[in-house]
2 protein chains.
Amino acid sequence: MTNGSSSIDLTFAALADPTRRAIVSGLRGGARSVGDLAAGLPVSRPAVSQHLRVLTDAGLLSVEQQGTRRMYALIPQSVADLRRYLDNLWDDALAAYAAEARRQARAKTRSQKKETKS
Amino acid sequence: MTNGSSSIDLTFAALADPTRRAIVSGLRGGARSVGDLAAGLPVSRPAVSQHLRVLTDAGLLSVEQQGTRRMYALIPQSVADLRRYLDNLWDDALAAYAAEARRQARAKTRSQKKETKS
DNA sequence: ACAATTGGTAAGTCATGACTTACGGTAAGC
DNA sequence: GCTTACCGTAAGTCATGACTTACCAATTGT
């Protein structure tokens with residue numbers, strides 16, 4: 001249990017690329033076809049296909065064949081998983097931060113007593 | 001307002017690397033020195049220094065010089081920012097998902113009526 | 001059957017970045 | 001003052017991955 005970053009690993013790697021985050025943002029309004037997505041991006045359609053592959057492998061997108069087109073859509077659950085990962089990080093960081101604040105407060109009090117004494 | 005990914009961009013890029021996420025995880029319990037962090041990682045100390053630079057530039061970590069050592073700590077606020085980004089993504093994706101579910105339900109109803117009729 | 005639309009795959013190029021060793025610089029201890 | 005501990009930076013190597021063009025497969029409509 002050193003870290004449970006099996007699927008989280010793929011997710012972060014997928015969202016690291018700006019073009020892929022643009023694709024994800026473009027899918028916030030619902031499912032879209034590959035050509036449709038590529039039309040709004042500064043890269044070629046094959047490049048978009050490759051990005052969609054990465055995002056799908058990471059479990060972020062779902063595909064559905066509709067005639068000759070393939071409709072890609074965001075999977076809300078995957079975003080929820082990422083959120084949970086950050087929630088844990090946030091809780092721990094906050095706790096550590098609070099503990100450190102208390103520690104510094106104690107140290108300050110001690111040094112003040114010391115000054116008063118000397 | 002096409003996208004507000006100025007700082008979010010650096011954050012995602014920073015967290016894309018597994019070693020850097022390991023560093024962040026190592027800091028969940030509080031501040032630690034460079035050598036201390038490097039001792040628990042499979043890379044050299046200079047490599048850790050470089051990672052710490054990236055994480056600090058992304059606004060994820062803070063540094064504090066203590067004698068000859070430099071203590072790095074997680075900044076909770078940065079994690080909170082990331083969380084907000086995902087919250088927006090999650091809300092939109094959920095709404096689109098729900099809308100799509102309704103659309104499919106309508107389409108199914110129509111096709112069933114059609115079948116009944118024919 | 002055939003042409004057109006749509007999109008995935010292959011092969012190759014090129015930039016980015018993660019890592020190493022070597023070095024320099026600063027603060028504590030003798 | 002000199003050594004020791006700690007750490008950032010420089011320079012160079014090497015793997016990864018993002019992108020391109022070219023090609024191929026599948027579906028739709030005439």
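I will go through one predicted model, beginning with chain A and ending with the two DNA strands.

Chain A first. It has five helices and three strands. Read from the N terminus, the order of elements is α-α-β-α-α-β-β-α. Chain A has 118 residues, and 22% of them count as buried. Take the contacts in chain A between residues at least 6 apart in sequence: 52% of these join residues at least 24 apart.

Now the sheet of chain A. It is an open sheet of three strands, in the order S1-S3-S2, and the pairing is antiparallel. Strand S1, residues 32–33, and strand S2, residues 61–66, stand at the edges with a single partner strand each, so each has one side without a neighbour in the sheet. Between S1(A) and S3(A) there are two bridges, in the antiparallel sense. If you want a residue to look at there, A:Ser33 stands opposite A:Met71 in S3(A). Please remember A:Ser33, as I will return to that residue with the DNA.

For the strands of chain B, I have a few more details. Strand S1 of chain B, residues 32–33, pairs with S3(B) in the antiparallel sense over two bridges. Here B:Arg32 stands opposite B:Tyr72 in S3(B). Strand S2 of chain B, residues 61–66, also runs antiparallel to S3(B), and six bridges join them. The bridge partner of B:Glu64 in S3(B) is B:Met71. The hairpin of S2(B) and S3(B) has two residues between the strands, and B:Gly67 in that hairpin takes a positive phi near 65 degrees.

Next, helix H2 of chain A, residues 18–26. Which residues of this helix are buried? They are A:Arg20, A:Arg21, A:Ala22, A:Ile23 and A:Val24. Note that two arginines, A:Arg20 and A:Arg21, are on that list. The cover over these buried residues includes helix H1 (7–16), H3, H4 and S3 of chain A. Helix H1 (7–16) of chain B is also part of that cover.

One residue in helix H1 of chain A is worth a stop, and that is A:Leu10. Buried residues need 20 or more C-beta neighbours within 10 Å. A:Leu10 has 17 inside 10 Å, so this leucine counts as partly exposed. Leaving out residues up to four places away in sequence, A:Leu10 touches A:Asp57 and A:Ala58. As for A:Gly26, that residue is 16 residues from A:Leu10 in sequence and 20 Å from A:Leu10 in space, C-alpha to C-alpha.

On to how the two chains sit together. Chain B superposes on chain A after a rotation of 180 degrees with 0.0 Å of shift along the axis, at an RMSD of 0.1 Å. That is the relation of a two-fold axis. In chain B, the C-alpha nearest the axis belongs to B:Ala16, at 2.7 Å.

How many residues does each chain give to the contact? Chain B gives 30 and chain A gives 31. On the side of chain B that touches chain A, H1, helix H2 (18–26) and helix H5 (76–117) each supply at least two residues. The largest share there, 15 residues, comes from H5(B). By class, this side of chain B divides into 19 nonpolar, five polar and six charged residues. The copies meet through the same surface, because 100% of the interface residues of chain B are also interface residues in chain A.

Last, the DNA. Around DNA strand C there are 21 residues, and the closest are A:Ser33, A:Gly35, A:Pro46, A:Ser49 and B:Ser44. The elements that give two or more residues to this surface are helix H3 (34–39), helix H4 (45–57) and strand S3 (69–74) of chain A, together with helix H4 (45–57) of chain B. H4(B) makes the largest share, with five residues. The classes are seven nonpolar, ten polar and four charged.

And which residues come nearest to DNA strand D? Out of 22 residues around that strand, they are A:Ser44, B:Ser33, B:Gly35, B:Pro46 and B:Ser49. H4 of chain A, with helix H3 (34–39), H4 and strand S3 (69–74) of chain B, each supply at least two residues of the surface near DNA strand D. That surface has seven nonpolar, eleven polar and four charged residues.

That is the end of my part.

Definitions and conventions
Residues numbered from 1 in each chain as written. Chains lettered and ligands numbered in written order. Predicted model: local features only at pLDDT ≥ 70, side-chain atom pairs only at ≥ 80, totals over all residues. Near = placed C-beta within 6 Å. Helix = DSSP H or I, 4+ residues; strand = E, 2+ residues; numbered from the N terminus. Nonpolar A, V, L, I, M, F, W, Y, C, P; charged D, E, K, R; others polar. Least-squares fit on C-alpha atoms with pLDDT ≥ 70 in both. Contact = placed C-beta atoms within 7 Å. Buried ≥ 20, exposed ≤ 12 C-beta atoms within 10 Å, placed from the backbone. Pairing = 2+ DSSP bridges.
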